Amino acid sequence: MKVLVPVKRVVDYNVKIRVKPDGSGVDVANVKFSMNPFDEIAVEEAIRLKEAGKATEVVLVTIGPAKADETLRSGMAIGADRGIHVKTDELVEPLAVAKILAKIVAEEAPGLVILGKQAIDDDSNQTGQMLAALLGWGQGTFASKVEITEGSVDVTREVDGGLQTVTLKLPAVVTTDLRLNEPRYASLPNIIKAKKKEVAAKTPADYGVDITPRLEVLKTAEPPARKAGIKVGSVPELLEKLKTAGVL
Ligand code: AMP
């Protein structure tokens with residue numbers, strides 16, 4: 001069974017985001033980028049399935065600028081077999097990403113697609129769900145455990161207040177949550193080997209998908225600054241303040 005893993009190049013999670021002064025978006029000049037953290041978990045899970053003999057090949061796909069090649073290489077450095085790079089400098093919204101992925105699924109015929117539950121730049125949490133809908137496949141979102149059985153996959157999902165396990169008939173779509181696994185680090189020899197792995201260069205037009213945005217961002221703003229706190233002298237004083245504030 002082939003596993004397809006879509007991976008997105010995003011602003012690194014350690015970077016303190018700055019909003020452009022005109023509010024038109026986030027300032028990405030001279031900022032570190034890396035693979036979306038949930039996608040690292042997806043790649044790790046696919047590799048573990050291959051190591052366990054449940055998957056035969058792990059194929060990565062990224063839709064993004066020329067630099068997104070680095071994202072594919074970092075996934076291949078931890079064990080993915082090859083990549084597909086759909087090149088574009090435009091911002092591609094989840095529906096267009098899902099449409100491109102659906103076309104790639106038709107060509108590659110994977111048994112499982114594992115995506116991140118959300119990209120930490122747009123926080124959409126939509127692509128996996130839209131892809132499953134376009135394909136008419138079952139979906140197991142927010143996975144904290146994935147177990148392949150004969151012709152199906154058991155996915156334990158992190159839902160409000162607990163865990164839910166669903167069985168999906170394969171092929172299926174899974175999206176990863178934080179606790180699914182801890183991704184490994186790439187070794188230097190594997191980073192070098194990854195540079196030679198095969199990457200197919202494509203464009204959205206190759207798949208006949210119109211990526212024109214359907215959403216207009218009206219404004220991007222920093223969260224309001226937090227007010228300074230105060231120090232209280234004693235527990236009775238604290239209780240009094242909480243009572244006056246209506247907290248107690
Ligand atoms: P989102 O719906 O934007 O929050 O993204 C959810 C998941 O879809 C991500 O974690 C990726 O696995 C995948 N995805 C979103 N955008 C892209 C992209 N441009 N290239 C590859 N995968 C993507």
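A salt bridge is taken here as a side-chain nitrogen of Lys or Arg within 4 Å of a carboxyl oxygen of Asp or Glu. The structure is a predicted model, in which local features need pLDDT of at least 70 and side-chain atom pairs count only at pLDDT 80 or more, while totals for chains, interfaces and linings use all residues. Residues are numbered from 1 along each chain as its sequence is written, and side-chain values use heavy atoms, with hydrogens and water left out.

By the salt-bridge criterion, the structure holds 15 such pairs. One of them joins the side chains of lysine 8 and aspartate 121, with an N to O distance of 3.2 Å. This pair links distant parts of the chain, 113 residues apart: lysine 8 belongs to the loop between strand 1 and strand 2 (9-11), and aspartate 121 to the loop between strand 6 and helix 4. Helices (H or I, at least four residues) and strands (E, at least two) are DSSP runs, numbered from the N terminus. With buried meaning under 20% relative accessible area, exposed over 50% and partly exposed in between (1.4 Å probe, protein chains only), lysine 8 is partly exposed at 26%, and aspartate 121 is partly exposed at 42%.

A second salt bridge is formed by glutamate 44 and arginine 184, whose closest N and O atoms are 2.9 Å apart. Here too distant parts of the chain are linked, since glutamate 44 lies in helix 1 and arginine 184 in the loop between strand 10 and helix 5 (188-194), 140 residues apart. Glutamate 44 is buried, at 2% relative accessibility, whereas arginine 184 is partly exposed, at 30%. Within helix 2 (residues 69-77), arginine 73 and aspartate 69 are four residues apart, a separation of about one helical turn; their salt bridge has its closest N and O atoms 3.3 Å apart. Lys2, Glu57, Arg82 and Glu108 are joined into one network by salt bridges that share partners.

The fold includes an open sheet of nine strands in the order 9-8-7-10-6-1-4-5-11, with mixed pairing; two strands pair if DSSP finds at least two bridges between them. Strand 9 (162-169) and strand 11 (199-202) each have a single partner strand, so one side of each edge strand is left without a neighbour in the sheet. From one strand to the next, the twist averages 30°. Strand 5 (residues 82-87) pairs with strand 11 in the parallel sense over four bridges, and valine 199 in strand 11 is the bridge partner of glycine 83.

Towards the other edge, strand 7 and strand 8 pair in the antiparallel sense over six bridges, and strand 8 and strand 9 do so over eight. Arginine 157 in strand 8 is the bridge partner of alanine 143 and also of glutamine 164 in strand 9. Both connections are hairpins with two residues between the strands: glycine 151 in the turn between strand 7 and strand 8 has a positive phi of about 70°, and glycine 161 in the hairpin of strand 8 and strand 9 takes a positive phi near 75°. Six of the eight residues of strand 8 (residues 152-159) are buried.

Proline 110 lies in the loop between helix 3 (94-108) and strand 6, and is buried at 4% relative accessibility.

Key. Axes are lines fitted to C-alpha atoms, for helices over the stretch in contact, and angles run from 0 to 180 degrees between N-to-C directions.
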